[in-house]
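Q: Could you take me through the reading of this model, one feature at a time?

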Amino acid sequence: MAEDRRIRNTKKKIRQAMLECLSTEGLDKISVTMLCNVADINRSTFYTYYSDPKELYELLELEVILGLNRFLRKQEFDRQSYREMLVQLIQFISENGSIVLAMLKSESTQFKDALEKLLGSNRKVWAKKLDERDAAYAEEFYISGIQNIIEKWLSEGKRKTDEEIAEIILRLTYLTES
């Protein structure tokens, strides 16, 4: 049964309010009252759809993880350059910036795991030069570094374009190849 347009619009307002609040506050500081004020709804309306801000956050987080996994499945690593994939990944992250930033700050392992799967396509960089154990350290360094770059970029309000951030990551990646 399809949701009524009013219900979809109300949920959208609540979700937008959460994203707006996440851009300035940590999840632990976001209250139902705050969300209701930002969304311009009554508390009873919020509770009709969600039990608390944490449940709403977890749903938003799940949507991003599912989106990232869909992105991962549609990538054609043989036909697409690593550069193209990275630019598209940064664009996806940019579109979901508030929730991704909250996930990075909360050190979500789900996001890190999905990112590891995606960026693992660049394993060949270390596999040629390092033994398996050392390559695993290099990969951890690489993925953590990208997460930190993304977190800094999102925290600073995306002062660089998606393409500029992808280019920075690419340059750093290829520094390790020389």
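**Confidence, fold and core**

A: Let us begin with confidence, since the model is predicted. Among the elements of the protein, helix α2 (residues 32-39) has the highest mean pLDDT, 97, and helix α8 (residues 124-127) has the lowest, 59.

Q: What is the mean pLDDT of the protein as a whole, and what percentage of its residues reach 70 or more?

A: The mean for the protein is 84, and 85% of the residues reach 70 or more.

Q: How many helices and how many strands are there in the protein?

A: The protein has ten helices and zero strands. Read from the N terminus, the order of elements is therefore α-α-α-α-α-α-α-α-α-α.

Q: Among contacts between residues at least 6 apart in sequence, what percentage join residues at least 24 apart?

A: Within that set of contacts, 66% join residues at least 24 apart.

Q: How should burial be read, and what percentage of the residues count as buried?

A: In soluble globular proteins, nonpolar side chains tend to be buried together. Here, 39% of the 178 residues count as buried. The accessible surface of the protein amounts to about 10,800 Å², and carbon and sulfur atoms account for 49% of that area.

Q: Which residues have the most contacts inside the largest nonpolar core?

A: They are F46, I93 and F111, in a core of 47 residues. Two or more residues of this core come from each of α1 (5-22), α2, α4 (53-74), α5 (82-95), α6 (97-105), α7 (109-119), α9 (132-155) and α10 (162-175). The largest share, eight residues, is given by α5.

Q: Which residues does F111 touch, not counting residues up to four places away in sequence?

A: With those neighbours set aside, F111 touches I65, L68, I93, V100, M103, L104 and Q147. One of these, I93, is itself named with F46 and F111 for the most contacts inside the core.

Q: How many aromatic pairs does the structure hold, and how is the geometry of a pair judged?

A: There are three aromatic pairs. Planes over 60 degrees apart count as edge-to-face. The rings of F46 and Y47 have planes at 85 degrees and centres 5.5 Å apart, so this pair is edge-to-face.

Q: Is F46 buried or exposed?

A: F46 is buried, because its relative accessible area is 0% and the cut-off is under 20%. Its partner Y47 is partly exposed, with a relative accessible area of 40%.

Q: Which residues form one aromatic cluster?

A: The cluster consists of F46, Y47, Y49 and Y50. F46 thus appears both in this cluster and among the residues with the most contacts inside the largest nonpolar core.

How values were computed
Residues numbered from 1 in each chain as written. Predicted model: local features only at pLDDT ≥ 70, side-chain atom pairs only at ≥ 80, totals over all residues. Heavy atoms only, no water. pLDDT = per-residue confidence, 0-100. Helix = DSSP H or I, 4+ residues; strand = E, 2+ residues; numbered from the N terminus. Phe/Tyr/Trp six-rings, centres within 6.5 Å; stacked < 30°, edge-to-face > 60°. Buried < 20%, exposed > 50% of the residue type's maximum accessible area, 1.4 Å probe, protein only. Contact = heavy atoms within 4.5 Å. Areas by Shrake-Rupley, 256 points an atom, 1.4 Å probe, with all protein chains shown as cover. Core = buried A, V, L, I, M, F, W, Y, C linked by side-chain atoms within 4.5 Å.
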